[in-house]
Each structure stands twice: as structure tokens, then as C-alpha cells.
Amino acid sequence: MILPIIGYGDPVLRKVGEAVSPEHPNLKETIANMYETMYNAYGVGLAAPQVGLALRLFVIDTTPFSDDEDLPADEQKELKGFKRTFINAKILKEDGEEWSFNEGCLSIPDVREDVYRHERITIEYCEEDFVVKTEVFDGLIARVIQHEYDHIEGVLFTDKISSLKKRLIQKKLKNITEGKTFQEYRMKFAAAKKGR
């Protein structure tokens, strides 16, 4: 089932996600709905807060990036078919050079900004089997994970840009909060909750 994506300004996007237990009600269905919602919106990642759930859960599929001919062939190959569910993730270490990449977010439509992030991460997480694993990721895969991880920590990519750039996009952010944006995917806005 395709879920509405929560727009910028909704308090759920600022909440730190709660841990997910194996007994969480309808977990498999929630995960399946998140993938369906992400694909419907042509995203490469989606975190539970973006569908209104303050949980430590996100899904990614970096396949769309594998078509980028500016990337080295080995990274294109890595990106193709990299589909993963992250439950109760904890970034243990970020290292390597910080590098800039133009990021966007399904919850913040039509806003894209350059964001600096570390090139490599070490992350502990589990998938649907709830077996804890620790892995190291780098490049665009690490970046997508970091972006989605921020969501479960109540952080948005716009928090990582300069105050000047924030001022320049302030009107766009206000419009999103008020639902004055159009996307080809369903969204839910903070202003609509207040009865406006």
C-alpha cells in the first residue's frame, strides 16, 4: 500500500525514532509499504518518520544511481541492486574525507542542496531477521544510509547547510509546511493537521 509522505514542518520528522522489536505489529507489512511508497515517489531511501512513524527503521535501494555514467564502473555495479532494510541502526563511526553531493528529500520536495558527509561509515543494524550485524559502507551507498539515518535521529538535510542557504530556501520550506507544493506522489502536510 502506498502511504502518504510526511512533508517538512511535521513534528514527527524531528522525533528521534524508537527502537523496533521483533514483535512490532505489522512490521513486515510496514516495510513492504515503505518500499512501495519509496518506489512510487522515485526515491532511493525512505525512513519511517517520513510515513509518520517515529521508529528506527529505514529502507534503501540505490539502483537508480547505478545509471550515473559519471561514476566509476565498480561503484555503478555496487549501487545496482543494493536494496537493504535497516532496523535499529546505529552509526558507530564516520571517517574518510568529507565530500559534497547535491541531496534532496521526498519530505522536502523541490529543494536540493549540496551537503558534506564523510565518505565511509561503520554501522550496526539488523534486517527483518533481527540478527545484528556490523558493516562498513562508502561512497553513495554510505551517503544514502547517512541521509536516512539522520531521519531516525530527527535530523533533516537542510539542517546541514549554511545559514545563508537556509535563508534562501526559507520561503520554499514555508510553502511545503503549508502544503503549497505539488508532487506526483501523495503527501501529508503539517498545516493540514491544524485544520487549515
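A residue is counted as exposed when its relative accessible area is over 50% and as buried when that area is under 20%. In the predicted model described here, Asn-26 has a relative accessible area of 54%, and this residue is therefore classed as exposed. Asn-26 is placed in the loop between strand 1 (5–6) and helix 1 (27–40), and its phi is positive, at about 55°, although the residue is not a glycine. A second residue with this feature is Phe-130, which is likewise not a glycine and has a positive phi of about 60°; Phe-130 belongs to the loop between strand 5 and strand 6 (132–138). As background to these two entries, most residues other than glycine have a negative phi.

With regard to the overall fold, the protein contains five helices and seven strands, and these elements, read along the sequence, follow the pattern β-α-β-β-α-β-β-β-α-α-β-α. The C-alpha trace spans about 45 × 40 × 30 Å along its principal axes. For a chain of 196 residues a compact globule would be expected to have a radius of gyration near 16 Å, and because the protein has 16 Å, the two values agree. Buried residues account for 48% of the 196 residues. Of the contacts between residues at least 6 apart in sequence, 68% join residues that are at least 24 apart.

Helix 1 supplies several buried positions whose surroundings can be described in turn. Ile-31 lies in helix 1 and, with a relative accessible area of 2%, falls under the 20% limit and so counts as buried. Once residues up to four places away in sequence are set aside, Ile-31 touches Leu-57, Val-59, Thr-85, Ile-87 and Glu-128. One of these partners, Leu-57, is 26 residues from Ile-31 in sequence, while the C-alpha atoms of the pair are 8.5 Å apart in space.

Asn-33, also a residue of helix 1, has a relative accessible area of 9% and is accordingly classed as buried. Beyond the residues up to four places away in sequence, Asn-33 touches Met-1 and Leu-3. Thr-37 is a further member of helix 1, and its relative accessibility of 2% places it among the buried residues. With neighbours within four places in sequence left aside, the contacts of Thr-37 are made with Met-1, Ile-2, Leu-3, Ile-5, Leu-46 and Val-51. Thr-37 and Val-51 are 14 residues apart along the chain, and their C-alpha atoms are separated by 8.8 Å.

A buried position outside the helices is provided by Gln-50, which is found in the loop between strand 2 (45–47) and strand 3 (57–61). The relative accessibility of Gln-50 is 1%, so this polar residue counts as buried. Apart from neighbours within four places in sequence, Gln-50 is in contact with Pro-4, Ile-5, Ile-6, Leu-13, Gly-45, Cys-105, Leu-106, Ser-107, Glu-148 and His-151.

The largest pocket has a volume of about 420 Å³. Its lining comprises 24 residues, of which Val-44, Glu-103, Gly-104, Cys-105 and Arg-112 are the closest to the centre of the pocket. Strand 4 (83–105), strand 5 (108–126) and helix 3 (139–152) are the elements that contribute two or more residues to this lining. By residue class, the lining of the largest pocket divides into 13 nonpolar, six polar and five charged residues.

Cys-105, named above among the residues closest to the centre of the largest pocket and among the contacts of Gln-50, has a relative accessibility of 9% and therefore counts as buried. Cys-126 is also classed as buried, because its relative accessibility is 5%. A disulfide is a covalent bond between the sulfur atoms of two cysteines. With a pair of cysteine sulfur atoms required to lie within 2.5 Å, the count of disulfides in the model comes to zero.

Technical notes:
Residues are numbered from 1 along each chain as its sequence is written. This is a predicted model: local features need pLDDT of at least 70, side-chain atom pairs count only at pLDDT 80 or more; totals for chains, interfaces and linings use all residues. Side-chain values use heavy atoms; hydrogens and water are left out. On a 1 Å grid over the protein atoms alone, a cavity is a set of points where a 1.4 Å probe fits but cannot get out, and a pocket is an open set with protein on both sides within 12 Å along at least five of seven lines; lining residues have an atom within 4 Å of a point. Grid points are joined across faces, edges and corners, and a volume is the space filled by probe spheres set on the points. Helices (H or I, at least four residues) and strands (E, at least two) are DSSP runs, numbered from the N terminus. Buried means under 20% relative accessible area, exposed over 50%, partly exposed in between (1.4 Å probe, protein chains only). The radius of gyration is taken over C-alpha atoms; the globule rule is 2.2 Å times the number of residues to the power 0.38. Contact means heavy atoms within 4.5 Å.
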